[in-house]
Amino acid sequence: MREPTVVGTESNGGSVGSIAQSPPPQALLERLKDYGQEDAFALWDELSPDERDHLVKDIERLDLPRVDRIIRCSLRSQGLPVAAIEPVPERSVSTVEERTMDERERWWKMGLKAISDGKLAVLLLSGGQGTRLGSSDPKGCVNIGLPSGKSLFQLQAERILCVQRLAAQVTSEGGGSGSAAIHWYIMTSPFTDDATRKYFEGHKYFGLESDQVTFFQQGTIPCVSKDGRFIMETPYKVAKAPDGNGGVYSALKSSKLLEDMATRGIKYIDCYGVDNALVRVADPTFLGYFIDKGVSAGAKVVRKAYPQEKVGVFVRRGKGGPLTVVEYSELDPSLASAINQETGRLRFCWSNVCLHMFTLDFLNQVANGLEKDSVLVMLSFSYMQC
């Protein structure tokens with residue numbers, strides 16, 4: 001490491017003053033070297049004392065071992081052959097046209113009963129800004145051009161209110177007394193959290209009770225170059241970005257919201273993305289179906305419209321392997337256009353539209369698995385087409 005430099009200036013009286021350039025904190029520099037990130041201090045000598053302090057605190061807030069594991073895993077995966085994939089088995093899919101009226105009625109009532117008993121929570125993934133809509137506001141706040149002028153947040157809040165009323169009505173008709181509110185967990189990001197909270201407060205939570213809405217932030221992760229080095233937003237700040245929808249698992253755990261759900265008696269979580277004006281929030285039929293099948297994770301899917309449609313699709317990784325999603329950019333064109341001769345549909349036709357149902361046990365399993373850096377194999381998925 002370079003020795004501190006001393007700059008001398010001679011005054012008229014012949015005395016010499018000095019300005020010492022203090023080095024970065026040795027222990028922190030050594031930690032960065034361990035992970036190959038010492039370049040974060042490359043411009044240290046050009047920083048003011050306040051900027052140096054900001055940079056040190058910024059790096060100290062990083063979970064360097066976790067970030068390093070993520071970077072190394074990503075770099076190792078580059079160039080590796082993609083595991084063989086198979087279509088989702090037909091038995092794992094329940095399509096609209098196959099459902100009988102009796103089944104729909106049974107699932108509807110089963111779902112409403114669980115909602116009335118307070119067993120369902122709604123989990124909204126809402127960390128993004130409406131940049132593609134021409135706004136820096138959170139997506140849920142943006143006017144999307146409906147005749148009513150309602151935002152996505154308002155549409156979804158009103159649907160929760162509607163389902164609550166339906167659940168209370170069905171319960172009272174059956175002689176029951178349950179009429180629990182549906183708790184709404186809303187994941188924001190550091191870029192949308194404050195604006196989202198103020199928007200809900202300004203609109204009086206769209207008729208919901210303020211204590212049935214919980215906001216929490218997803219995490220951020222450093223931006224890195226292709227060789228895994230930190231990208232600096234400024235000479236004294238590491239560039240960071242929200243850790244994506246997948247960050248919901250660790251965010252729920254770190255915010256202790258999984259414990260909060262358990263305390264409230266919640267067993268099922270309806271999870272969806274904010275940018276969906278058609279979403280059936282807290283859909284009783286989907287919930288009843290999910291409970292009836294006894295699975296731990298499920299998803300509503302839609303049939304892929306054409307081979308080149310830019311949507312990820314559900315697949316099975318290897319023969320008898322776990323079900324997962326392959327993004328359209330990762331799917332070989334020949335596989336994307338392959339036809340199932342028995343059904344006449346695309347072999348890989350069930351697209352992921354971010355509409356999921358989870359058990360609380362499943363979310364705990366995923367969160368704990370990530371914490372231990374283990375690989376979670378999801379064996380009990382069931383899929384439903386909407």
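Student: Where is S151 placed, and what makes a stretch a helix or strand here?

Tutor: S151 is in the loop between β5 (120-125) and α5 (152-173). Helices are DSSP runs of H or I with at least four residues, strands are E runs of at least two, and both are numbered from the N terminus. This is a predicted model, numbered from 1 along each chain as its sequence is written. Local features need pLDDT of at least 70, side-chain atom pairs count only at pLDDT 80 or more, totals for chains, interfaces and linings use all residues, and side-chain values use heavy atoms, without hydrogens and water.

Student: Why is S151 called buried or exposed?

Tutor: Its relative accessible area is 2%. Buried means under 20%, exposed over 50%, partly exposed in between (1.4 Å probe, protein chains only). Therefore S151 is buried.

Student: What makes the approach of S151 to G140 a polar contact?

Tutor: The side chain of S151 reaches the backbone oxygen of G140 at 3.4 Å. A polar contact is a pair of N or O atoms within 3.5 Å; within protein, one must be able to donate a hydrogen and the other to accept it, and residues adjacent in sequence count only if both atoms are side-chain atoms. So the 3.4 Å pair is within the cut-off.

Student: How do you know that β14 and β15 pair?

Tutor: Four bridges join β14 (residues 313-317) to β15 (residues 323-326). Pairing needs at least two DSSP bridges, so these strands pair. They run antiparallel, and V313 stands opposite V326. They form a hairpin with five residues between them, and G318 in the turn has a positive phi of about 75°.

Student: What is notable about phi in K204 and A282?

Tutor: Phi is near 50° in K204 and near 55° in A282. Most residues other than glycine have a negative phi. K204 is exposed, at 67% relative accessible area. A282 is buried, at 0%.

Student: What makes a group of residues a nonpolar core?

Tutor: A nonpolar core is a set of buried Ala, Val, Leu, Ile, Met, Phe, Trp, Tyr and Cys residues joined through side-chain atoms within 4.5 Å. The largest has 37 residues, and F153, W184, F200, L208 and Y272 have the most contacts inside it. α5 gives the most to this core, with six residues. Apart from it lies another core of 24 residues, among them M261, I266, I269 and L363.

Student: Which residues does W184 touch?

Tutor: Contact means heavy atoms within 4.5 Å. Not counting residues up to four places away in sequence, W184 touches V122, L124, F153 and I160, among others.
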